[in-house]
Every structure is written in structure tokens, then in C-alpha cells.
Amino acid sequence: MNTQRSTREYQRLDREHFLHPFTDFKALAEKGTRIITRAEGVYVFDNEGHRILDGMAGLWCVNVGYGRRELAEAAYQQLQVLPFYNSFFQCTHPKAVELATKLAEIAPGNMKHVFFTNSGSEANDTVIRTVRRYWELLGEPQKSVIISRKNAYHGSTLAGASLGGMKWIHDVGAQPIPGIVHIEQPYWFGEGRDQDPAAFGVAVARKLEEQIQVTGLDRVAAFIAEPVQGAGGVIIPPESYWPEIRRICEKYGILLVMDEVICGFGRLGQWFGSQHYNVQPDLMPIAKGLTSGYIPMGGVLVGHRVAKVLYERGGEYAHGFTYSAHPVAAAVALENIRIIDEEKLIERVRGEISPYLQKRWRELGDHPLVGEARGIGMVGALELVKSKSPVTLFEERGKAGTICRDLSVENGLVMRAVGDTMIISPPLIITKAEIDELIEKARRSLDQTDKAAKGAGYK
Ligand SMILES: *Cc1c(COP(=O)(O)O)cnc(C)c1O
């Protein structure tokens, strides 16, 4: 099937027909798209044959790397045996049962149940429904408010975007649905660098307690947060943050939801990010690394406290998707988890490859353009600044980040820019030599960005 078109032809048809997600259509039409045609290991290849190190693992998801025959074969076999059947009307199928059982085995503590969806956004819609259902069944339907955080990302359906705390998303036809409030985020570099990090972590966590008092405990249902904020710019809370959040949730008896869509499946060196922080959530939305992105699938892991009420009280939970627990997705997820297990990828991340990545990534902190180099597990961030001491941010936010991102791709490395924060989240299978290549390309991109910023007169 060799129907490959020229890059220009793809770009023309793309411009004429394809509305891309999170895209300025006008700007993209002028600039043209990059056509990615294949991928292997940690590399993607474009239509011109350029080999690019994928420092973002697709979109935080290709944890086991590209080109895994086992995953393709798992899908192919399942497509032949049972390509689809629903799980609505008292039916189930073997792969869904196997996957639910496996997830119950790897999930922390008492999370023995899972509700399947097709994406992280749908998982967070399901979170809202489940949290409210729980309190309704307990006879407290007025407990419906969910506390989230500014600059959180929980997806792009209307409910997911509402849970998320990104105003620039709300402003595009996504005014938050009622019953969601947002508190401050634990972003030390951005919002607390004049304070001691530990004190800042506790102070920001206490915003949850303040909000519970403002809203009224009789109305608060749950708190939701990512263990480490991903799309917000790899925001790693101070170590003091999560213990204080856990204390507050326990004190007031509200449900704790940890959005594991990015942090799950090895990204922080444990199966789930909550395990890294030693916090037991009541609900965990998952997606991305669940299938390493080979096929769409998400879900919500449900702990004993909520599951007990759902089972004991009965009554139809009127929620679900045609493709909930899709057999092909379930087969791929199972095989993906088997690979992570058998190749001991999580142990490798924790013991060997994350320490190496983090050591090398922090070396970039000495660059004149970098105000902070931080990271944890297999994620990292660089804060680009106008000057380092005292730290001065660029007046026009996001410009240096965009330049650096574009130069980085030219240099053969996918880094993403969130404003002036450069972020990475490479596949877990990346080798030390590939990390060296990543660092070298990142440094070169920083040098060139520094030069470009000076040339354009804003540094
Ligand atoms: C990506 C993401 C989502 C949304 O997942 P989709 O599959 O894109 O709908 C939700 N939460 C977090 C933390 C994410 O990073």
C-alpha cells in the first residue's frame, strides 16, 4: 500500500480538510504541518525522512516506545476473535475481565474496581458522575461541589475542561459547568519563589481547607488533582504538599481524586504517581500510558469506600459509553501492562534511568537562559528567563518558549513549550545514550534561542 504523497500535497489537503486539536487554524494554515509517517523506539520520522527524538512520548503516552510488534499482534488477534461487543446489558468479555483483574492487582491499596472509558477526558466526566452518585446514594445530594486547581488539566470535554483550571480553555466556549471551584496550584517557581518551598507547599495545600470552609463542608464532595501537573508545565509540588492535602481530605471526609492520566503506568517510577507520594486516593482516572497510546482507552479506578456504596445501595448507574471496555483496547492494554511488568520498566526507571535523566537534565540549569531545571521520574521542565539573578521573566510571555520549541524540532528533538517552560516526558525505554543525545540537542536549542532572543532585542 504505497500511496505516499509529497509533503506539500499532504500539507495542502491537511489545510483544506483537517481541523486540528488545540490549534490556531489560521496560523497553522500559513505555516504548514509536519507530517509524521512512522516511528521506532524513541524516534519519530517525518515525510522528509528526518529522524526526531520524541522527548514527549507522543503526548505523554508512548511509555513502552514505538514499534512494539506484541501490541500490534494483540490487537490483530482480538480483531479476529471478537472485534466488538458491548458491556451494557449483562454482558462481558474475557479481555475486559482480565484487564479489570490486572488493574485491581497493580492499583494501590483497596482500588479493586474499574469503570472503562475511551479517553482521559471521559474518565474525568466519569469522576464527576461517580463522585456525585456516591453522595446521592448516601442521601447527601447537596454535596456536589468538586474543588480543583488553577492551571490543572483534566481533559477537553465540557466537564473535563471545567474541572481543569485553564482560563484560556474556559474562554473558548467552555465556561465551567456549575459546582466546580479552583484553588491555587503548588507552583513554587512561578508563584512562590520568594518563600521557603516547604512552607509554600503547606500554605498552598491549606487553600483546600480554606475553600472547604468558604463553600461549606455540607456542599463539598471531593478534591481532584494531578500528582504532578503535566500540561500545566510539569509542576512538581514541594514534598510538604501532598501530606497536608491528605490530612485535610481525611479531616473533612471528602473524596480524594488523583488524576493519574500522565503519572500512571511508570512515569514517576511507580505504577501510579500517588504511590510515589504515598497518598491513597478514592478515585483515579487513567488513560495515556494504559495502552501506551497504541489505541485509545481510559478508565477510573474506584476504591473500596466508593465501590461499597455503589454495590450495596444498588439502583442503575445511568452512565457509560458504547466503547467502554472495548475488546481490542483491553487486549492492547493487557499486553502493554505485561510488557511493563516483564521488562521491569518501572524498576528500571526508578533505579537507573530516571536518576540518570534527572542528573543530566539538571545540568541544563547552568544555562544563561534557564532559571530553573526541575524534574521527577521521567518528566522534566526548564523555566526560560530573561535573566537569572535576580530571576526576571520575559515581558512577553511564551515567545522564547515558542522559539525554543521550533528550534528544538529543527535540531531533531521534540520538546514542548508551555509558555516559557520547556517540558519533556520521554518514553520509559529511553537509553542513557539517547538521554545524552536529548540533553545535547536541548542545550543546542537553548544556545540558539538565547542568541535569537538577544538578536530580537528582548533579552
Ligand atoms: C491528557 C490528560 C487528560 C485528558 O485525556 P484525553 O485522553 O486527552 O481526553 C486528563 N487528565 C490529564 C492529567 C491529562 O494529562
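How far from an oxygen atom of the ligand is an N or O atom in the side chain of Lys288? In this predicted model, the separation is 2.7 Å. Taken alone, the ligand exposes 380 Å², and the protein buries 83% of that.

**Ligand surroundings**

The residues around the ligand are Ser119, Gly120, Ser121, Asn124, Tyr153, His154, Gly155, Glu226, Asp259, Val261, Ile262 and Lys288. By class, this shell divides into 3 nonpolar, 6 polar and 3 charged residues. Lys288 is one of the residues with an atom paired to a ligand oxygen; Gly120 contributes through its backbone, and Ser121 through a polar atom of its side chain. The table gives these distances.

| Residue | Atom in the residue | Distance to an oxygen atom of the ligand |
|---|---|---|
| Gly120 | backbone N or O | 2.9 Å |
| Ser121 | polar side-chain atom | 2.5 Å |
| Lys288 | side-chain N or O | 2.7 Å |

**Gln185**

Where does Gln185 lie? Its place is the loop between strand E6 (180-183) and helix H9 (188-191). Is Gln185 buried or exposed? Gln185 counts as buried because its relative accessible area is 5%, where the cut-off for buried is under 20%.

The side chain of Gln185 also makes a polar contact, at 3.0 Å, with the side chain of Asn151. When neighbours within four places in sequence are left aside, the residues in contact with Gln185 are Lys150, Asn151, Glu191, Phe200, Val204, Gln229 and Ile235. Asn151 thus appears in that list and is the partner in the polar contact.

Notes: Residues numbered from 1 in each chain as written. Predicted model: local features only at pLDDT ≥ 70, side-chain atom pairs only at ≥ 80, totals over all residues. Heavy atoms only, no water. Near = heavy atom within 4 Å. Polar contact = N/O pair within 3.5 Å; in protein donor to acceptor, adjacent residues only side chain to side chain. Areas by Shrake-Rupley, 256 points an atom, 1.4 Å probe, with all protein chains shown as cover. Nonpolar A, V, L, I, M, F, W, Y, C, P; charged D, E, K, R; others polar. Helix = DSSP H or I, 4+ residues; strand = E, 2+ residues; numbered from the N terminus. Buried < 20%, exposed > 50% of the residue type's maximum accessible area, 1.4 Å probe, protein only. Contact = heavy atoms within 4.5 Å.
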